[in-house]
Amino acid sequence: MPLDESLNFELLPIFQGGNGLTSPLDPTRPSKSGLNWVAVPADCCFFYRIEGGTQLQAIKPQGDQYEVMFSIDIPAPVLFLASSHDGRLACLACSDGSLRCYDATDGQFNERWNLPDAHSHNASDLTESASSSREVAASAAGPVRSLQFNPGSYDLLLVDAGRQTLTLLHGDSSNPSPKVVDSHQATCAAWATEPNEDLFLAIGRTD
């Protein structure tokens, strides 16, 4: 398929908890869910994307074409996608409040772990517009504001604006134990490096 079509997401119906199918979801339209459906590993020649809201795909560019190398269906609609620097792990924040990690080491996705109630974004309707919601006006949409792997390891950070917490966990573990490292109104965070390559966290707060 043409490579430029790899970022053309299908407008597919999304399951709405217990109420059947909603109207088609357009991931390019701002929504209260703040969808993030693409992740590019820094050290790889492929990328991950979410297709139709519930399928994780590994995409390999080939000239001006692309190939879906492998994929897996996700039990709940995906809100946020992050990948480790080497492409081995893909982590998904889903609309049922879970955080799921998949290992792609063997050329296929295998679930490494699944943490229920890992964040406060338990959405029943992903199509709700952010512009009509006063609680997210003039800010990033959705409670999950940051989901990012350390650029040199498998440490993962999660910022949940609903709980106003910054949580760290080791993504490579088969049973990670989330640790809240900041509970003072954290709204965003990112790994950052100084010129001497020392790693630290940059944290944004409501104050």
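Begin by selecting strands β7, β8, β9 and β10: they form an open sheet of 4 strands, in that order, with antiparallel pairing. The edge strands here are β7 and β10 (110-115), each of which pairs on one side only. From one strand to the next, the twist averages 20 degrees. Please bear in mind throughout that the model on the screen is predicted.

**The pair β7 and β8**

Keep β7 and β8 selected and hide the rest. These two strands pair in the antiparallel sense over 5 bridges. To see one position in this pairing, select Ser83, which stands opposite Ala90 in β8. Strands of a sheet pair through backbone hydrogen bonds, either parallel or antiparallel.

**Leu81 and the nonpolar cores**

Next, select Leu81 and display its surroundings. Which residues does Leu81 contact, leaving aside its neighbours within four places in sequence? They are Asn36, Trp37, Val38, Ala39, Tyr48, Arg49, Ile50, Leu56, Ala90, Cys91 and Leu92.

Now widen the selection to the largest nonpolar core, which has 18 residues. Within this core, Tyr48, Leu56, Leu81, Leu92 and Phe109 touch the most other members. Colour the strands β4 (47-51), β5 (55-62), β7 (78-83) and β8 (89-94), since each supplies at least two residues of this core. Which strand gives the most to this core? It is β8, with 3 residues. A second, separate core has 17 residues; select Cys91, Leu99, Trp113 and Tyr154, which are among them.

**The sheet from β11 to β14**

Move on to strands β11, β12, β13 and β14. They form another open sheet of 4 strands in the order β11-β12-β13-β14, again with antiparallel pairing. At its edges are β11 and β14 (179-182), each pairing on one side only. Neighbouring strands of this sheet are turned by 25 degrees against each other on average, direction ignored.

Restrict the view to β11 and β12 (residues 155-160), which pair in the antiparallel sense over 5 bridges. Follow the chain from β11 to β12, and the link appears as a hairpin through 5 residues. Select Val144 and look across to β12, where Asp160 stands opposite.

Show the whole structure again around β11. Why can β11 be described as largely enclosed by the rest of the structure? The reason is that 5 of its 6 residues are buried.

**Ser146**

Within β11 (residues 144-149), select Ser146. Is Ser146 buried or exposed? Ser146 has a relative accessible area of 7%; because buried means under 20%, this residue counts as buried.

Now display what surrounds Ser146. Its bridge partner in β12 is Val159. Not counting residues up to four places away in sequence, Ser146 touches Leu157, Leu158, Val159, Cys188 and Ala189. Draw a distance line from the side chain of Ser146 to Ala189: a polar atom of that side chain lies 3.1 Å from the backbone nitrogen of Ala189.

**The whole chain**

Finally, clear the selection and view the complete chain. It contains 0 helices and 16 strands. Of its 207 residues, 45% are buried. Switch on the surface display: the accessible surface of the chain comes to about 10,200 Å², and 48% of this belongs to carbon and sulfur atoms. Among contacts between residues at least 6 apart in sequence, 46% join residues at least 24 apart.

Note on methods. Residues numbered from 1 in each chain as written. Predicted model: local features only at pLDDT ≥ 70, side-chain atom pairs only at ≥ 80, totals over all residues. Heavy atoms only, no water. Buried < 20%, exposed > 50% of the residue type's maximum accessible area, 1.4 Å probe, protein only. Polar contact = N/O pair within 3.5 Å; in protein donor to acceptor, adjacent residues only side chain to side chain. Contact = heavy atoms within 4.5 Å. Pairing = 2+ DSSP bridges. Axes fitted to C-alpha atoms, helices over the stretch in contact; angles between N-to-C directions. Core = buried A, V, L, I, M, F, W, Y, C linked by side-chain atoms within 4.5 Å. Areas by Shrake-Rupley, 256 points an atom, 1.4 Å probe, with all protein chains shown as cover.
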